[in-house]
Amino acid sequence: MNERRIQLMYVIGMILSGAALISAAMAGDTLFAITFGVIIVYLVIRYWMVSSGKF
């Protein structure tokens, strides 16, 4: 996979995790919301690493 496709996958993952975080928060599932928040942080860090060339 090239960098562009990997970055797209990370963005899609962030969007889906964000939707899941909002859904979990609205349902009152705090543990799931925190978990999806951690996943988003991880995906942002990986996206930054790929885009800055530290892959």
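**Exercise 1. Is Leu-8 buried, partly exposed or exposed, and what is its relative accessible area?**

Solution. Begin with the basis of the work: this is a predicted model in which local features need pLDDT of at least 70, side-chain atom pairs count only at pLDDT 80 or more, and totals for chains, interfaces and linings use all residues. Residues are numbered from 1 along each chain as its sequence is written, and side-chain values use heavy atoms, with hydrogens and water left out.

Step 1 is to fix the classes: buried means under 20% relative accessible area, exposed means over 50%, and partly exposed lies in between, with a 1.4 Å probe and protein chains only. Step 2 is to place the residue, and Leu-8 sits in helix α1, where helices are DSSP runs of H or I with at least four residues, numbered from the N terminus. Step 3 is to apply the classes: Leu-8 has a relative accessible area of 49%, so Leu-8 is partly exposed.

**Exercise 2. Compare the span of each helix with the span expected for it.**

Solution. Step 1 is the rule, by which the expected span of a helix is 1.5 Å times one less than its number of residues. Step 2 takes α1, residues 3–27, whose 25 residues reach 36 Å from the first C-alpha to the last, close to the 36 Å expected. Step 3 takes α2, which covers residues 30–52; because its 23 residues should span 33 Å at 1.5 Å a residue, the 33 Å between its end C-alpha atoms agrees. Step 4 looks just past the helices: Gly-28, just after α1, takes a positive phi of about 85 degrees, and Gly-53, which follows α2, has a positive phi near 85 degrees.

**Exercise 3. Find which residues of each helix are buried, and say what helps to cover them.**

Solution. Step 1 lists the buried residues of α1, which are Ile-6, Gln-7, Tyr-10, Gly-13, Met-14, Ser-17, Gly-18 and Ala-24. Step 2 recalls a general point that helps in reading such a list: an α-helix has 3.6 residues a turn, so residues three or four places apart point the same way. Step 3 does the same for α2, where Ala-33, Leu-43, Arg-46 and Val-50 are buried. Step 4 turns to the cover: α2 is included in what covers the buried residues of α1, and α1 is included in what covers those of α2.

**Exercise 4. Trace the contacts of three buried residues of α1, leaving aside residues up to four places away in sequence.**

Solution. Contact here means heavy atoms within 4.5 Å. Step 1 is Gln-7, which counts as buried at 13% relative accessibility and touches Tyr-47, Val-50 and Ser-51. Step 2 is Tyr-10, which is buried with a relative accessible area of 15% and touches Leu-43, Arg-46, Tyr-47 and Val-50. Step 3 is Ser-17, which is buried at 8% and is in contact with Phe-36, Ile-39, Ile-40 and Leu-43. Step 4 reads the picture from the other side, where Leu-43 touches Tyr-10, Gly-13, Met-14 and Ser-17.

**Exercise 5. Identify the largest nonpolar core and the helices that supply it.**

Solution. Step 1 defines the term: a nonpolar core is a set of buried Ala, Val, Leu, Ile, Met, Phe, Trp, Tyr and Cys residues joined through side-chain atoms within 4.5 Å. Step 2 names its members, since the largest such core is made up of five residues, Ile-6, Tyr-10, Met-14, Leu-43 and Val-50. Step 3 assigns them: α1 and α2 are the elements that give two or more residues to this core, and the largest share, three residues, comes from α1.

**Exercise 6. Describe how three further residues are exposed, and give a C-alpha separation for each.**

Solution. Step 1 is Arg-4 of helix α1, which counts as exposed at 66% relative accessibility; its C-alpha atom is separated by 36 Å from that of Gly-28, 24 residues apart along the chain. Step 2 is Ala-25, also found in helix α1, which is partly exposed at 46%, with 15 Å between its C-alpha atom and that of Ile-39. Step 3 is Val-44 in helix α2, which counts as partly exposed at 40%, and the C-alpha atoms of Val-44 and Leu-21 are separated by 15 Å.
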